[in-house]
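Please look over the sequence and the model shown here before reading on. The paragraphs after it are meant to be read beside the structure.

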Amino acid sequence: MIDQLILQQDVFRKVWSDKEEKFNENHTQALINQRHEPELDDAWVRLQQSHMELSALLERYNTLHVEYKRLTDRYNPRRAESALKTLVQEADCNSELIAEEWLENKMSVTDFIQKFKETRKLHHLRQAKHEKLTYTNSVPPPR
């Protein structure tokens, strides 16, 4: 009896019909969502595969980047210039040692000339390469 009295009120009838309408809308939307579920499952699988591929590519990139850094450090023009300068000084010292040995009569004139020419030639070749590399490193690249 009270239920019937409540249902007869316009406000309560409006609330009841709104509730029914929302229930039907939600039910319809749920059915639509269920129809899209296989598509969503496929999309989820593709997303996981893409994520695995991306992870593999990132790992490959990191490996190559480390190798790139190692090679650029190893073949750095400034480092090569420094190493070449050391070799120039070494060749110069070697030629001085040969001259000292000859002055101390530890070798013949022909041996001295042969060895001294070889070490001085090596010194001058290295010196020329060092100067060229120094110049190349100091000139900015063209734009």
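What follows is a walk through two helices, the loop between them and a few of their residues.

The model is a predicted one, in which local features need pLDDT of at least 70 and side-chain atom pairs count only at pLDDT 80 or more, while totals for chains, interfaces and linings use all residues. Residues are numbered from 1 along each chain as its sequence is written, and side-chain values use heavy atoms, with hydrogens and water left out.

Helices here are DSSP runs of H or I with at least four residues, numbered from the N terminus. Helix H3 covers residues 77-103, and its 27 residues should span 39 Å at 1.5 Å a residue, which agrees with the 39 Å between its end C-alpha atoms; the expected span is 1.5 Å times one less than the number of residues. Helix H4, residues 109-138, has 30 residues and reaches 42 Å from its first C-alpha to its last, close to the 44 Å expected.

In the loop between H3 and H4 lies Asn-105, a residue other than glycine whose phi is nevertheless positive, near 55 degrees. With a relative accessible area of 68%, Asn-105 is exposed, a term that stands for values over 50%, whereas buried means under 20% and partly exposed lies in between (1.4 Å probe, protein chains only).

Two packed helices are described by the angle between their axes and the distance between the axes. The axes of H3 and H4 (lines fitted to C-alpha atoms over the stretch in contact, with angles from 0 to 180 degrees between N-to-C directions) come within 8 Å and cross at roughly 160 degrees. H3 and H4 are therefore roughly antiparallel to each other, the word used for angles over 145 degrees. The residues of this contact, which means heavy atoms within 4.5 Å, divide into 14 nonpolar, 8 polar and 9 charged; Ala, Val, Leu, Ile, Met, Phe, Trp, Tyr, Cys and Pro count as nonpolar, Asp, Glu, Lys and Arg as charged, and the others, Gly among them, as polar.

The buried residues of H4, which are Phe-112, Thr-119, His-123, Arg-126, His-130 and Asn-137, pack against H3. On the other side, H3 buries Glu-81, Leu-84, Val-88, Ala-91, Ser-95, Ile-98 and Ala-99, and what covers these residues includes H4.

Two pairs of residues link distant parts of the sequence. Ala-80, found in H3, is partly exposed at 35% relative accessibility, and its C-alpha lies 8.9 Å from that of His-130, although the two are 50 residues apart in sequence. Lys-129, in H4, counts as exposed at 55% relative accessibility, and its C-alpha is separated by 9.5 Å from that of Val-88, 41 residues apart along the chain.

Definitions and conventions:
Helix = DSSP H or I, 4+ residues; strand = E, 2+ residues; numbered from the N terminus. Parallel < 35°, antiparallel > 145°, perpendicular 65-115°, else oblique.
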